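Here is a note to read alongside the structure, written as numbered points. Please keep the view open and follow each point on it in turn.

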Amino acid sequence: HVGLSVSNLDASFAFFDALGYKKVGGSESYPSCFVTDGTSLITLWQTDDEPTSFNRRQNVGLHHLAIRVPSMDALGKAYDAVGNVEGVRTDGEGAFAPQTLDGTPLTHAIVYEPSGNRIELTYHEEPTPAEE
């Protein structure tokens, strides 16, 4: 699993809820919410007031979290769903709509969930064998 520090637990949960993740636990003593899509577990941990934002170009740590989707259609639907969640950023520096990654079978989008964590939504097309 992966654990993310979030500045707004409810808003960050709403982001993962829009992707179909379900709440499976959490703690009141250290405010948290554990979510799963049935395969991966993500733990969301509430920060103290006035947290310091992470700069992916200046800090060592999590650059982004990639979430794989099963199809191009699912990628578009996921991007649209999270784009409707209050506080999600889908454009500007470091964020973009679905696009192919040159020279790869990968199509991806980058968004920022409400607490500012960078999330990649990705579809990996199965490569076709080269003809001999």
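1. I begin with the sheet, bearing in mind that this is a predicted model. Four strands form an open sheet in the order β1-β4-β3-β2, and the pairing within the sheet is mixed. The edges are taken by β1, residues 2-6, and β2, residues 22-25; each has a single partner strand, so one side of each is left without a neighbour in the sheet. If direction is ignored, neighbouring strands of this sheet are turned by 35 degrees against each other on average.

2. The pairing of β1 can be followed on the view. Strand β1 runs parallel to β4, which covers residues 41-46, and five bridges join the two strands. One place to look is Gly3, whose bridge partner in β4 is Thr43.

3. Next comes the helix that belongs with this sheet. Helix α1, made of residues 9-18, lies across β1, β2, β3 and β4, where β3 is residues 32-36, and the helix runs at about 160 degrees to β4.

4. The other helix deserves a point of its own. Helix α2 spans residues 72-83, which is 12 residues, and the distance from its first C-alpha to its last is 17 Å, close to the 16 Å expected at 1.5 Å a residue. Which residues of α2 are buried? They are Leu75, Ala78, Tyr79 and Val82, where buried stands for under 20% relative accessible area. When one looks down the axis of α2, these buried residues fall within an arc of 100 degrees, and they therefore line one face of the helix.

5. It is worth asking what the buried residues of α2 pack against. Their partners are helix α1 together with three strands, namely β6 (residues 96-100), β7 (residues 106-112) and β8 (residues 118-124).

6. Stepping back to the whole protein chain, one finds two helices and eight strands, and, read from the N terminus on, the elements follow the order β-α-β-β-β-β-α-β-β-β.

7. Some overall values complete the picture. The C-alpha trace of the protein chain spans about 60 × 35 × 25 Å along its principal axes. The radius of gyration is 16 Å, which agrees with the value near 14 Å for a compact globule with 132 residues. Of the 132 residues in the protein chain, 33% are buried. Among the contacts in the protein chain with a separation of 6 or more, 49% are accounted for by residues 24 or more positions apart.

Terms used. Residues numbered from 1 in each chain as written. Predicted model: local features only at pLDDT ≥ 70, side-chain atom pairs only at ≥ 80, totals over all residues. Heavy atoms only, no water. Pairing = 2+ DSSP bridges. Axes fitted to C-alpha atoms, helices over the stretch in contact; angles between N-to-C directions. Contact = heavy atoms within 4.5 Å. Expected span 1.5 Å × (residues − 1). Buried < 20%, exposed > 50% of the residue type's maximum accessible area, 1.4 Å probe, protein only. Arc of directions from axis to C-beta. Rg over C-alpha atoms; globule rule 2.2 N^0.38 Å.
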